[in-house]
Amino acid sequence: MIFDIKKNNFALLSYLIKWIFLTSIIGIFSGTASAFFLISLDLATKFRTSNPSVILLLPLGGLAVGMIYHLFGKEVEGGNNLILSQIHSPDKLLKLRMAPFVLFGTIVTHLLGGSAGREGSAIQMGASLSDQLTHVFSMNRRDRKIVLIAGMAAGFGSVFGTPLAGALFGLEVFVIGKMSYEAILPSFLASIIADEVTQNWWGVHHSLYSVPMIPEATIKSIIWASLAGILFGLAGRAFSLLTDRWKEFMKDKIKFPPLRACIGGFIIVALTYILGTYRYNGLGLDTISEAFIISLPFYVFAFKILFTAITLGSGFKGGEVTCLFFIGSALGNSLSEVIPLPMALMSGMGFVAVFAAASNTPIACTVMAMELFGGDTGIFAGIACIVAYLFSGHASIYSSQIIGVSKHEDLHDHQGRSIGDISKDKKSD
């Protein structure tokens, strides 16, 4: 018996050493890639804001990105959904070209004024770089799945400066209602190391937000937070569905893929000049910061949904999450006019809850709120995220997500199926 205990302890120690080694490599690669990406994105944003007329080149930029993917990147154009598919059925190594292609595509999108986020690029860079270890160390299917999860966690955690949320996102995102505990150690190690590399090795830091006043968690305030969560969930669902519908519309009407981004670019340029503002182009970090301190017009969140759905649905590269932060914080800001909770708290709740609704990751988003806004926001953010998650239904920005546990018994027949398959069935009815 003593021999068995020693044997088990040795096996656990070997497991720990193995994953400390592998996740250190993943963290260094992902953290460095995120640092380079964030620096490049900041330079691109500053150039665009200093030269706003560059937006006129957006259609040409879309055509260029579309051509590169059409000619050389068909195997990686699936992006985040391709990574999730490989986690579900790990059978084909991710091409290393995924990292430079998505980096280039995202920088072009932001440089020329498209409305997109940044997590998609960080996740794809983290996962594709990490997946190369599969070949180097001749990993089995189980270890390769864990490496992909760790790579996603590292990319997410380092690009937002939220290592705990990044770790949980990697564990939570690919199956709705279930979490992969087999990857819990690698996911946390990779995300924490990647964040350390991005911030302390490379000196790249992240936006700070303040939620100075947290009310007491009473029955009344919890009800108000739940009501806000419903609206955040509907906003997240609207974003997911509109992006998906626009993508399908463009595929149906325009058969040549690079032309879709070109046409989408023309639409974004037209909308920008019609509205007479550049608020909805790029990441929109300035507007997110404003949402915590000043009142915004009630329609701001809706226009960001429109701009981002058209940009991403037309084939531009980037991600959805920062745009969802914008949508959520702006919506929370407006709702604070009618819901008696502090404006900054409402903006913070919306910041994470709309993302929780659109990505089906309420636990990661709750932890993200505590990392970004302070632990005291956890109760209200948690309520908003969970309610938003429930009211978003089986919609998602990630069509390859599989429903592990249905959100409601009336949707039990969806269990075990992917969001994409369910969406196809609805369209064929």
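This short talk is about the cavities in the structure shown above.

Before I begin, please keep in mind that we are looking at a predicted model, and that the values I quote were computed from it. When the whole structure is searched for cavities of 30 Å³ or more, 2 are found, and I will take them in turn.

Let me start with the largest cavity, which holds about 100 Å³ of space. Its lining is made up of 13 residues, and if you want to find the place in the model, look for Arg118, Phe160, Tyr209, Phe351 and Leu372, since these are the lining residues that lie nearest the centre. Which helices each supply at least two residues of this lining? They are helix 11, covering 285–291, helix 13, covering 321–335, and helix 15, covering 362–373. Sorted by class, the lining of the largest cavity contains 8 nonpolar residues, 4 polar ones and 1 charged one.

Now we can move to the second largest cavity, whose volume is about 30 Å³. The residues that line this one are Val211, Leu345, Gly348, Met349, Ala369, Phe373, Thr377 and Ala381. Two or more of the lining residues come from each of helix 14, which runs over 343–359, and helix 15, and it is helix 14 that gives the largest share, with 3 residues. As for class, the lining of the second largest cavity divides into 6 nonpolar and 2 polar residues, with no charged residue in it.

Finally, when you turn the model yourselves, follow helix 15, because by the definition of lining used here it supplies at least two residues to the largest cavity and also gives two or more to the second largest.

Definitions and conventions
Residues are numbered from 1 along each chain as its sequence is written. This is a predicted model: local features need pLDDT of at least 70, side-chain atom pairs count only at pLDDT 80 or more; totals for chains, interfaces and linings use all residues. Side-chain values use heavy atoms; hydrogens and water are left out. On a 1 Å grid over the protein atoms alone, a cavity is a set of points where a 1.4 Å probe fits but cannot get out, and a pocket is an open set with protein on both sides within 12 Å along at least five of seven lines; lining residues have an atom within 4 Å of a point. Grid points are joined across faces, edges and corners, and a volume is the space filled by probe spheres set on the points. Helices (H or I, at least four residues) and strands (E, at least two) are DSSP runs, numbered from the N terminus. Ala, Val, Leu, Ile, Met, Phe, Trp, Tyr, Cys and Pro count as nonpolar, Asp, Glu, Lys and Arg as charged, and the others, Gly among them, as polar.
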